[in-house]
Amino acid sequence: RTAVLGGHIEQCNECGRQRNTYNSCRNRHCPKCQGLDQLKWLEKRKQELLPINYFHLVFTIPSELNYLVWINQKVLYTILFKAASQTITMLARQDKHLGANPGCIAMLHTWGQNLMDHPHIHMIVTGGGLAPDGKKWIHSSKKFFIPVRIIARVFRGKYLAFFKQAYYNNEIFFQAKTAHLKNHKQFKQTLDSVYKKQWVVYAKKPFSNPAKVLTYLGKYTHRIAISNHRILSMENNRICFKWKDYQDNNKQKVMNLNPNEFIRRFLLHILPTGFFKIRYYGLLASRNKKHNLIICCKLLNVVYKLNKLDAQTWQKLLLKSTGFDVNKCPYCKKGQMKIIGLIPARGHPF
């Protein structure tokens, strides 16, 4: 949203003040252009919430794999989704844990607060699921229904099994500091060393009510590596931004980078074209989602309402979702901003 892509000039019909409004680049990695997509996504998810507990899990892989993942994003991010989702759905269906099919929403994040590569999956899981015969809803306890240490072990085994399969199918690319892994013996030694580590799966406290799920999801679904409000200054060929150091009691710190290093770190998190970073599993899988939700609502004694989103302007959607009237004059607070002219684009910046 800068003058490069053009825009329009608006004027208040009461006080006469003017402002420039610039066009969106619509890139999903842009810190300013994800708000509308996020609102639309949340509006759809509101219709799918059930009156149950929801849990939040985080699946993380060892840092030794980060470089390999970065140069094989499409393959290894897909394996990350596959291993995390299969771990939860498989364990949940076992009678000793839940004995039911849960619903999962998985979101890929690839960064840490310092903008370095840190691929991990945030997953929202229903507090219960459909019984195998589809005739009963099985509630989970208030705590997550699978011990975290078991989840971590199964996740580790599945991820490395899929990794090994991709390797022997020649789907993994090696270069620079990983070139030696083309040797099968070296590759096996690396996987053995990673397998010996304890993998981290974190289960947070359950949400207090379904509405809190949406509040939380809004913060995570359409996030990118860094938002504009974290950038403090861009002066003297240095970029300063605030970050939270999780290894130092979550202390707020300031990082100072030169532009090349800042851009390098940001580009670590540009996803492959067409890659879906939000995916659905279990009873929320797209193929049978509507059918499953109808059954779940019936079993939970709630009415299922699937309403198509109204064909409304983004201004009305923003007003409905946030209460913010973007057309209201920011100066006099009385008039409405009306378009009076266009700002021509200066040509594509790339």
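Contact here means heavy atoms within 4.5 Å, and in that sense the buried residues of helix α6 pack against α1 (35-46), β3, β4 (103-111) and β5. The structure is a predicted model, with a mean pLDDT of 89 for the protein and 96% of the residues reaching 70 or more. Among the elements of the protein, helix α3 (residues 73-92) has the highest mean pLDDT, 97, while helix α9 (residues 314-322) has the lowest, 71. Where pLDDT is low, the predicted coordinates should not be read in detail.

## The five-stranded sheet

Five strands, in the order β8-β3-β5-β4-β12, make up an open sheet whose pairing is antiparallel. The edges are formed by β8 and β12 (278-282), each of which pairs on one side only, and neighbouring strands of this sheet are turned against each other by 20° on average, with direction ignored. Helix α6 packs on this sheet and touches β3, β4 and β5, its direction making about 160° with that of β5. Within α6, which spans residues 210-220, the buried residues are Val213, Leu214, Tyr216, Leu217, Gly218 and Tyr220.

Strand β3 (residues 54-60) is mostly covered, with seven of its seven residues buried. Tyr54, His56, Val58 and Thr60 point one way from this strand, whereas Phe55, Leu57 and Phe59 point the other way, and all of them are buried. This division can be read against a general rule, namely that in a regular strand the side chains alternate between the two faces of the sheet.

The pairing of β3 with strand β5 (residues 117-126) is antiparallel and runs over seven bridges; within it, His56 has Ile124 of β5 as its bridge partner. To strand β8 (residues 200-203), β3 is joined by four bridges, again with the two strands running antiparallel, and here Phe59 stands opposite Val201 of β8. Elsewhere in the sheet, β4 and β12 run antiparallel and are joined by five bridges, with Gly103 standing opposite Gly282 in β12.

## The three-stranded sheet

A further open sheet is formed by three strands in the order β9-β10-β11, and its pairing is antiparallel. Its edge strands are β9 (231-235) and β11 (251-257), each pairing on one side only, and the average turn between neighbouring strands of this sheet, direction ignored, is 25°. Strand β10 (residues 238-245) pairs with β11 in the antiparallel sense over seven bridges, and one residue pair that can be located in this register is Ile239 with its bridge partner Leu257 in β11. Helix α7 (residues 259-267) packs on the sheet, touching β9, β10 and β11, and the direction of this helix makes about 120° with that of β11.

## Salt bridges

A search of the whole structure finds nine salt bridges, and the table gives three of them with the N to O distances.

| Basic residue | Acidic residue | Closest N to O distance |
|---|---|---|
| Arg45 | Glu48 | 2.9 Å |
| Lys188 | Asp192 | 3.0 Å |
| Lys253 | Asp248 | 3.1 Å |

The surroundings of these pairs can be described residue by residue. In the salt bridge between Lys253 and Asp248, Lys253 is partly exposed, with a relative accessible area of 30%, and Asp248 is likewise partly exposed, at 24%. Salt bridges that share partners also join Arg45, Glu48 and Lys289 into one network. Within that network, Arg45 is buried, because its relative accessible area of 8% falls under the cut-off of 20%. Glu48 also counts as buried, at 14% relative accessibility.

Lys188 and Asp192 have a sequence relation that bears on their pairing: they lie four residues apart in helix α5 (residues 184-195), so they are separated by about one helical turn. Asp192 counts as partly exposed, at 33% relative accessibility.

Definitions and conventions:
Residues are numbered from 1 along each chain as its sequence is written. This is a predicted model: local features need pLDDT of at least 70, side-chain atom pairs count only at pLDDT 80 or more; totals for chains, interfaces and linings use all residues. Side-chain values use heavy atoms; hydrogens and water are left out. Two strands pair if DSSP finds at least two bridges between them. Axes are lines fitted to C-alpha atoms, for helices over the stretch in contact, and angles run from 0 to 180 degrees between N-to-C directions. Buried means under 20% relative accessible area, exposed over 50%, partly exposed in between (1.4 Å probe, protein chains only). pLDDT is the predictor's confidence in each residue, from 0 to 100. A salt bridge is a side-chain nitrogen of Lys or Arg within 4 Å of a carboxyl oxygen of Asp or Glu.
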